[in-house]
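Trainee: I have the model open. Can we go through some of the labels and what backs them?

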Amino acid sequence: MSDTTVTTEQPARTALSDEVARRRTFAIISHPDAGKTTLTEKLLLFGGAINLAGQVKAKGERRNTRSDWMKIERERGISVVTSVMTFEFEGLVFNLLDTPGHEDFSEDTYRTLTAVDSAVMVIDAAKGIEARTRKLFEVCRLRDIPIITFINKMDRESRDTFDLLDEIEKTLALDTTPMTWPVGRGRDFIGTYDVRDGGVRLLEGGGAKTGAAQQIAISELGKLNANLDIGQITDELELVKEACKPFELDAFREGHLTPVYFGSALRNFGVGDLLEGLGRYAPSPRAQESNLRKVDAAEPRMSAFVFKIQANMDPNHRDRIAFARLCSGKLNRGMKAKLVRTGKTMPLSSPQFFFAQDRSVADEAFAGDVVGIPNHGSLRIGDTLTEGEDLTFVGVPSFAPEIVRRVRLTDAMKAKKLKEALQQMSEEGVVQVFRPRDGAPALVGVVGPLQLDVLKARLDAEYSLPVEFEVSEFSLARWISCDDKKKLEAFIASNNSGVADDVDGDPVFLAKNEFYLGYTKERAEGIVFSNVKDVK
Ligand code: G4P
C-alpha cells in the first residue's frame, strides 16, 4: 500500500496530521446473511486483531427471537465488545464500527453511521441489493459517505456479474467501477482478475496476506480449470475495459461512484483486495459539521461527539460507557474536556479502546478514533466534548418512533423511580420517552418491538421495576417547531393533551393516526412536523 498519499489533503504535515492521515473509520452495511460477520472476522484476522476467526460471535447467539431475553442480553454483551474494533494493517489504523444485526435496533445503526467516514456494502452475489442494504445505503447517502462494494459468496452460484453491477447503478443511482473481476462462477470460481494491473489472484492460497496476483495469460486459465469458458472470460474482460467507468477518486469520495470487489469472505478470498482498497481510497477522518463551523480533523484541539451509550456492562456497577468519535485533535488520558450541553468540565481519566474481545485504557487517541468513556450518567447521545469551544456537532439523529406505548407500573409506589429509570433509558437511546404536557403518565416510543422487550427486561433486572405496556390512544409522534415562537405556543396551548416533551424538553405532537396527523397539519399553518430530529 505504497500510495496512501492519495487519500488525504493535508495542510502542513505534523505528527497529528500524520496520525489522522493513517486512520480509516468505517462500518459494514448489509442485509442479514450477506456475510457481514464473516467478513468482519476475516478483516480482523488480516489485521491480526484476533487469532482465530469465529470469535466475533457465536453464530446462533446473534439471532435472537422476540421473547428470549437471555439472547437479547447476550446480543448486548456481544455487541458491546464488538462495538468498535480497531486493528492495524500496513501502517494504517482501521476502526471498524459494528452495527446491530437486528432491524429493531436500526436507530442505533443510523447513529453509528454518523461516526464513520466510509462504509463497505456487502452484497450476496446470488441475491443482489436487498431491502436492508438499500435502506442503510440511503442513510449513507444522506451523509455523503463513500461506499466500497464487496460482492460476496462468489464461491456459490451467483447472478450474472453485469446484472449485479447494473442493479447497483439503477436501484442506488450509483456508478460502479469493478476493481476486480471474477474468473469462473460457483464451483468453477477460481479467483479474480485485477482490472488495474491485469494480474490474476487465485482462490487457492488466496487467504494469505501477501497472496500477490500472478500474471497468468487468460488463455492459460483453462489449464487450471477445464470447465472455464475462456472465450467468454475474454469477452467479459474486454467489455469491462470498454464499458465500465474508470475509477475516479473524487467521484468515490463524493459518494457518486463505488469501487467493486468480488470475493468470498468464507474462503477468505478478496478480503485483502478490499482492505487494500479501503486503505488506498477511503478517506481519512473528514471534517465534521458543527453548529458554528466545520471542524477539521487535524486541528490541534480535541473535540468529539457521543453516538452510542452502553449501560451496565457490569451489572454490579451502574457504569455507562459513552462511545465518542474524536472529530479533531488528540485525546490524552487525564485531560479535561468541556461537556458543551451543560458547560461543565469532566476529566477523561480512563478512556478506553476496544480490540474485538478486549478493552484497554487509551493513553492517547486521535481524530477518527472511537473511545469508550466510562461515566455515571453525565453523557448522553449527541453530546459534544471540546477543549473549551462552545460548538455542538450536528447530525446525530433521533427518529420518530413507529410504536408508542404507555408504561404501566404494577407497584404505584415506585412512580418516582420509574421516572428516573425512563430518563436514564432515553438518555442511553434504548427508547424515547415522551411526557405529556397534561400530566398523564409517560409514553415510550420505539422503532422496533424488540426494544420494548429490552426495556422491560432492563427495568426489571436493573431497577426492580416490573412493568407492562399498554396500547395508548396515540400511535404517532412528530417533533414540532416554528420560526414564530408565539405561533408554536398557541398551537401547543390549543393541543395540550396531544403535546409531550421529549428527553431534551423539545415539544412533540402525538397523534392517534395518520389521518388525524394530516388533519392537524393542514390546520397548523407555519408549524413544521418532523419525523427526524438532530440530537443537540
Ligand atoms: P451476516 O452477519 O451478514 O448475517 O452474515 P454471516 O457472516 O453470518 O453469514 C451468513 C451465512 O453465509 C453463514 O452461513 C456464512 O457462513 C455464510 N457465508 C458468509 N460468507 C460466505 C461466502 O463467501 N461463501 C459462502 N458459501 N457462504 C458464506 P450459515 O450457514 O447461515 O451459518 P454458519 O452456521 O455457517 O455460521
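Trainee: Where is the place of Asp33?

Mentor: Asp33 sits in the loop between strand 1 and helix 2 (36-47). Keep in mind that this is a predicted model.

Trainee: Why is Asp33 called partly exposed?

Mentor: Its relative accessible area is 48%. Buried means under 20% and exposed over 50%. The value for Asp33 falls in between, so the label is partly exposed.

Trainee: What makes the phi of Asp33 worth a remark?

Mentor: Most residues other than glycine have a negative phi. Asp33 is not a glycine, and its phi is near 85°, a positive value. Asn268 also has a positive phi, about 55°, without being a glycine.

Trainee: Where does Asn268 lie, and is it buried or exposed?

Mentor: Asn268 belongs to the loop between strand 10 (257-262) and helix 10 (271-281). Its relative accessible area is 14%. The cut-off for buried is under 20%, so Asn268 is buried.

Trainee: How do you know that helix 5 is largely enclosed?

Mentor: Count its buried residues. Helix 5 covers residues 106-113, and 8 of the 8 are buried, so the rest of the structure largely encloses it. Charged residues are on that list too, including Glu107, Asp108 and Arg111.

Trainee: Why is helix 5 called oblique to helix 6?

Mentor: Helix 5 and helix 6 (residues 131-142) pack at about 40°, with their axes 10 Å apart. Under 35 degrees would be roughly parallel, and roughly perpendicular runs from 65 to 115. The angle fits neither class, so helix 5 is oblique to helix 6. The crossing is right-handed.

Trainee: Which residues meet where helix 5 contacts helix 6?

Mentor: From helix 5 come Ser106, Thr109, Tyr110 and Leu113. From helix 6 come Arg132, Lys135, Leu136, Val139 and Cys140. By class, this contact has 5 nonpolar, 2 polar and 2 charged residues.

Trainee: What does helix 6 lie across?

Mentor: Helix 6 lies across strand 1, strand 4 and strand 5. It runs at about 145° to strand 1.

Trainee: What makes strand 5 largely enclosed?

Mentor: Strand 5 spans residues 147-152, and 6 of the 6 are buried, so it is largely enclosed by the rest of the structure. In a regular strand the side chains alternate between the two faces of the sheet. Here Ile147, Thr149 and Ile151 point one way, and Ile148, Phe150 and Asn152 the other. All of these are buried.

Trainee: How do you know that strand 4 and strand 5 pair?

Mentor: Pairing needs at least two bridges. Strand 4 (residues 118-124) and strand 5 are joined by 6, and they run parallel. Ala119, for instance, has Ile147 as its bridge partner in strand 5. Strand 1 (residues 23-30) and strand 3 (residues 92-97) also run parallel, joined by 5 bridges.

Trainee: Why are strand 2 and strand 6 placed at the edges of the sheet?

Mentor: The sheet is open, with 7 strands in the order 2-3-1-4-5-10-6 and mixed pairing. Strand 2 (84-89) and strand 6 (175-178) each have a single partner strand, so one side of each lacks a neighbour in the sheet. The twist averages 30° from one strand to the next.

Trainee: Why does Lys308 count as buried?

Mentor: Its relative accessibility is 5%. Buried means under 20%, so Lys308 qualifies. Lys308 is in strand 13 (residues 303-311). Among its contacts beyond four places in sequence are Ser83, Asp108 and Phe323.

Methods
Residues numbered from 1 in each chain as written. Predicted model: local features only at pLDDT ≥ 70, side-chain atom pairs only at ≥ 80, totals over all residues. Heavy atoms only, no water. Buried < 20%, exposed > 50% of the residue type's maximum accessible area, 1.4 Å probe, protein only. Helix = DSSP H or I, 4+ residues; strand = E, 2+ residues; numbered from the N terminus. Axes fitted to C-alpha atoms, helices over the stretch in contact; angles between N-to-C directions. Left-handed = near helix turned anticlockwise from the far one by under 90°. Contact = heavy atoms within 4.5 Å.
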